[in-house]
Structures are given as C-alpha cells and as structure tokens.
Amino acid sequence: MRGTSSTPDLAVRLGPLRLRHPVMNASGTFDLLEAEARYEGDLVASFPFAAYVPKTVTLEPRAGNPPPRVTETAAGMINSVGLANKGLDHYLGELPRLARLQTPVIVNVGGSRPQDYVTVVRRIEEHLAGAGATPLPDIPAYELNVSCPNVATGLAIGADARATAELVGAVRQVTERFVVVKLTPNVTDIVVVARAAADAGADGLSLVNTFKAMVLDGQTLKPFLGGRTGGLCGPAIKPIALRMVAEVASAVAVPVIGMGGIVSGHDVLEFVACGAAAVAIGAANFTGIAAPSRIVGELRAEMESRGFAGLSEVRGSALPGVARSDFAD
Amino acid sequence: MDADPALSERAVERACRIVEVRRFGPYALLSMAAPDLARRAVPGQFVMVAVPGGSFLLRRPISVHSVTSERVRLLVEPRGSGTAVLAALPVGETLSVAGPLGRGFPLADVTAGLLVGGGIGTAPLQFLADELRGRGVPLLAAFGFRDAAQARLAGAFDIEPLWVATEDGSIGRRGTAVALLDALEIPAQATVFACGPTPMVAALAAWATRRGSSGFASLEAHMACGSGACHGCVIPTSVGYKRVCSDGPVFPLGELEG
C-alpha cells in the first residue's frame, strides 16, 4: 500500500481493546471532569484520547505530599504529588459522570500494600456487577500503579520482581478484565520486573513511570519539593524510556504501552518503532488542552507522508531481529 | 452580574497578539488583543501562558491585571527563566494563552473594599478595583514593596487612594503593607482583598481576625496543568490541601490564617 494517498489507519489493538488510534493519557496528567468543567466545548463528546486513564485511585483518601509539588526542569518537569485522591468510595460515585464517554476507561489503581490493590479491584468488580440500571462507562481494563511505596518495606512494589508477581497474581484472582502493570523505571533491570509481571498473569505492561529525581531551591540549596524527591518526566526522559520500551517489548509477549516524554506525533512513531502497541502522553497535557489532538494529527500526517497504511508497518522496526508477525496482539 | 465566580464563563485557548508593552524597571505590563478572554474573565482569575521559543514545557500562571473590551493585560515579573522571557517580549509577539482559569473574588455582598497587595501580588488588584469602581463600591488600597526598585510596579496601577509602603523605607512608609493599615482610616464593613507573598497573607488574615473583618486572598503556586488535574499546586489551608488553580486562586482569609 506504500505510496498511495489513502488516509492511514491509526487503529490499534490492545488485547481485547480496539483503539481508534494509539494515544491515551498517562494517569494523573489529564482529568476529564475537571477539564470539562473548565474549558469551552464538549470534551466528552470530542474526547481526544483513545482510552481514558483517570488519576490513580487508592482504597482510602490520600492528602498527598506537602507542597511545593511541581516545577519545570530542563526539557521536562518534576512532580511529587503523592497520589493525592479522594479514595475509592468517592471514585465509584463519580463513575456515572463518565458514562457518556464513547471511549474505554482504564482504571488506574494504587496502594500501600498488596491487599489494598486486591480490595480496590474486587470492590470495583462488585460495583460494576451490581450497577443495575446505573449508567457507567465501559471499563475493560485496569492499570496497576506499582510505583507506590509499600508501607511494609518502604520500597516501591514495582522495584521488586517477586512483590510485583505476587501482586499481579493476587489481582488476577479477582478480575477477568485486562490487567496492565505500570512499571517503574527506578530499577537496575526493568526486564526482570517486566517478565515477572507477565509470567504472573499481567495482560499488558505500561512504561515508563517517572524517574526518581531531585531539584534544589536555588537560594537555599535545599530540596525544592516538599517531598524532597519527585518523579522526572517530559522530553528529558524520552531516550531512556525508548530504550526501556525496546528492551521490554523484545523480552515479553504481552503488549506494551509506551510513555515517557511524548510531545509530538513523531515521538509516538518512535515508541511504536520500539515495539509499543499503544502510547500515553503525560507532561505534554500540560502544554495545552489541544496537545492530544495535535499529536494525533501529527501522527496521521507523518504516517501519510511516509506512506504507512497502518501502525503495524512501523511496529518494532527499531528492534533487532523482530518480524511483524512477532506481535500477535 | 453577581454570578458565582466559580461558575464564570468557561476557558478557551487563544493565540493573542501583544499590542502594547509598558515597562516599569524589569516588570512588564503586556496588553494583548484578546476580546474573547477579556469578555470571560472576572477579577482574581488567571491565565496560563505558553513561553514562546520552544525551550519551556509548562505554561506560566499569570493573573489578569485588568481588561478592556478588547484587551487582557498581564503584569509580569521576571522571576525565573520562563517569566524573564515573557517580561522581555516586544509588541507584535503572539502568545498562546489559556483561560480565564480559577475562581475569582466573590463580590456579591461587598459594600466597601480594602485592597492589600505585596510585590507582584498586586497584579490582580487593578481588575478588582475597576470592577468595584464600576459597581460604585468605595475602596482603598495599600501596597507593600521590598524597595524602590520593586515599588516601580505601582506605576502600573490606576487606583485611588493607593498607599504604598516599602520594607526599606525608600518609598512611602517604612514596613509592610499590613503594618501600613494601622495608619489608615478603613471603613468598618470593608471586605479585605489580598494578594501577595504567604507571610503577608498570613499577617493580613490575623489582622482581619483581630478586627472582625472578612476577606479573601488570591494565592500563587507553581503549577503544571492549571485546571485541577495534576494536584501540583496545592497549599495548606485550615481544611486541608487545596488546589490553587481550581479550588482557588481566591480563598477565604479565614482558611489561610497561621
């Protein structure tokens, strides 16, 4: 089909999900209900992302970390929000407000101990099963945020392959839905954790979460963030994220959602070339409300100018010795 | 007219041309052709401005200094490298501006206004003064600056009467804006409107409590999204962390004491 002028097909598959294009939002960087309340236009009807990933929900409300929580860094930004959220009960109460969304919702779950994740997922399953006539959005998948510190050890669950596997195995017992594990890059070898998650039953992997980092107050030479350290994101981390996505996509059979510093359609193509089945944009959402539609438009235009009919023609092209047929999803 | 400021018109993102720049030392008062935003804004709201040049990721939150039917004015202090770029922009440059955002000053029951500003925090008080004047509400203003260099900001305001203090005593009374208040005749029923650094707002909140006055303060914070998504801009209040961008930037003074 190369060389034809037909419009490229941006649709991708992510396990059971059929996405109209590969771009979803990274959890915590776009709040549909807040944006809908603030900005002109019908954001629900013209939702720019192919899937909506709300902010991480935890069993109990969390106040989050002391301010300041964000600041710009060279080619990026750092944040230390601390999973501030109103807890599961409030979250369930808000779900009907997303019912009009014609886009799948991926519920991002966090917790301080493995049992918290299981409880959240089980209660969401019960809620969905018992909803009756209550209108709810389509929730085909979960994303487990394993970057939260485990209260028992102080370490991120996702920094420990065994703890990650146990968590995935436990969640696997309480849901049939598509379970994505969002990996932390703050490990020596992300492939080890990726394999452990996939072997324990994860249906997909998303990476990378933010890089643990620090910025100082220029005057006091003390840590700027109230939480002392934070997570670095934005274009500064893109080359590291690409490397990690390529490593994981080469090592596991489950689909990978790539993220880390995507701000353009070309960036999306690069993540797909590194094996990503879909991508998420995070910090770019802070550049403006139009960023996601701009990025999807750029992706379409670049595929067209390169003569790609579909993303499968690009998928994995940066990986050594990979044939397109290796991606079964 | 007295619409709940929380329910003011919704925000838009627009390319806005700078049509006039007035400079006060390092500070710049940028006037942008932005009829759409001017019509929607209420005093106390802010806009998120993209820094031109491609070197900066995040938009910068800048409060609306004042509006005309055609223009939105922003008073910019070159505080970091991003705002330094904004403050140096010439006439003719086009900026991507998103807004208006946040909840403005509640004005429904105001019969007299005391406007207290510190440093660049004075910025939104011109818009507020214009609005109060338009409603026939009497007002007076007290501004505090570090020194004579920062006091050049006062040139960006058309408010009568406007009392000025500097911490080094080089212009006006020596001391803070709050210390200045004890020397002024302030109507008993005046609502306090404040914007400035955290210590000033805390001192003013304590002053208002002693006096039995109610009031509001507009706060600033580092922001990422500017619209409630990221929870990056929270400040501690008596009722827990609140997002400056979407729960504020205007808060009741009573929530900010201590």
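**Figure 1. The two domains of chain B sit with their centres 20 Å apart.** This is a predicted model. The distance runs between the centres of domain 1 of chain B and domain 2 of chain B, taken over C-alpha atoms. The domain assignment places domain 1 at residues 5-101 and domain 2 at residues 113-255 of chain B. Domain 1 of chain B brings 21 residues to the contact, and domain 2 of chain B brings 21 residues.

**Figure 2. Close-up of the side of domain 1 of chain B that touches domain 2 of chain B, where β4(B) gives the most residues.** The contribution of β4(B) is six residues. At least two residues each come from β1 (12-24), β2 (27-33), β3 (46-49), β4 (60-67) and β6 (94-101) of chain B. By class, this side of domain 1 of chain B holds 13 nonpolar residues, five polar ones and three charged ones.

**Figure 3. Chain B meets chain A through 28 residues of chain B and 30 residues of chain A.** On the side of chain B that touches chain A, two or more residues come from each of β1, β6, β13 (234-237) and β14 (240-243) of chain B. The largest share, three residues, belongs to β6(B). The side of chain B that touches chain A counts 17 nonpolar, nine polar and two charged residues.

**Figure 4. A hairpin of chain B links β13(B) to β14(B).** Two residues make the connection between β13(B) and β14(B). The strands β13(B) and β14(B) run antiparallel and are joined by four bridges. One pair to look for is Ile235(B) with its bridge partner Lys242(B), which lies in β14(B). Both β13(B) and β14(B) are among the elements that give two or more residues to the side of chain B that touches chain A.

**Figure 5. Seven strands of chain A form an open, parallel sheet.** The strand order is β3-β13-β12-β9-β8-β7-β6 in chain A. The edges are β3 (23-25) and β6 (106-109) of chain A. Each of these two strands has a single partner, so one side of each is left without a neighbour in the sheet. From one strand to the next, the twist averages 25°.

**Figure 6. At one edge of the seven-stranded sheet, β6(A) pairs with β7(A).** Strand β7 covers residues 141-145 of chain A. Four bridges hold the pairing of β6(A) with β7(A), and the two strands run parallel. Within this pairing, Ile106(A) stands opposite Ala141(A) of β7(A).

**Figure 7. Four strands of chain A form an open, antiparallel sheet.** The strands follow the order β4-β5-β11-β10 in chain A. β4 (70-73) and β10 (211-213) of chain A are the edge strands. Each has a single partner strand, so one side of each lacks a neighbour in the sheet. Neighbouring strands here are turned by 35° against each other on average, direction ignored.

**Figure 8. The edge strand β10(A) pairs with β11(A) through three bridges.** Strand β11 spans residues 230-233 of chain A. The pairing of β10(A) with β11(A) is antiparallel. Phe211(A) faces Leu232(A), a residue of β11(A).

**Figure 9. Helices α7(A) and α8(A) pack at an angle of about 70°.** Helix α7 covers residues 265-273 and helix α8 covers residues 291-306 of chain A. Their axes are 7 Å apart. α7(A) and α8(A) are therefore roughly perpendicular to each other. Their crossing is right-handed. From α7(A), the contact uses Gly265(A), His266(A), Val268(A) and Leu269(A). From α8(A), the contact uses Ile295(A), Gly297(A), Glu298(A), Leu299(A), Ala301(A) and Glu302(A). By class, the contact of α7(A) with α8(A) has five nonpolar, three polar and two charged residues.

**Figure 10. Helices α4(A) and α5(A) cross at roughly 25°.** Helix α4 spans residues 161-172 and helix α5 spans residues 190-199 of chain A. Their axes come within 8 Å. α4(A) and α5(A) are therefore roughly parallel to each other. The crossing of α4(A) past α5(A) is right-handed. Ala161(A), Arg162(A), Thr164(A), Ala165(A) and Val168(A) represent α4(A) in the contact. They meet Val192(A), Val193(A), Ala196(A), Ala197(A) and Asp199(A) of α5(A). The contact of α4(A) with α5(A) comprises seven nonpolar residues, one polar residue and two charged residues.

Definitions and conventions:
Residues numbered from 1 in each chain as written. Chains lettered and ligands numbered in written order. Predicted model: local features only at pLDDT ≥ 70, side-chain atom pairs only at ≥ 80, totals over all residues. Domains from an automatic or database assignment. Contact = placed C-beta atoms within 7 Å. Nonpolar A, V, L, I, M, F, W, Y, C, P; charged D, E, K, R; others polar. Pairing = 2+ DSSP bridges. Axes fitted to C-alpha atoms, helices over the stretch in contact; angles between N-to-C directions. Parallel < 35°, antiparallel > 145°, perpendicular 65-115°, else oblique. Left-handed = near helix turned anticlockwise from the far one by under 90°.
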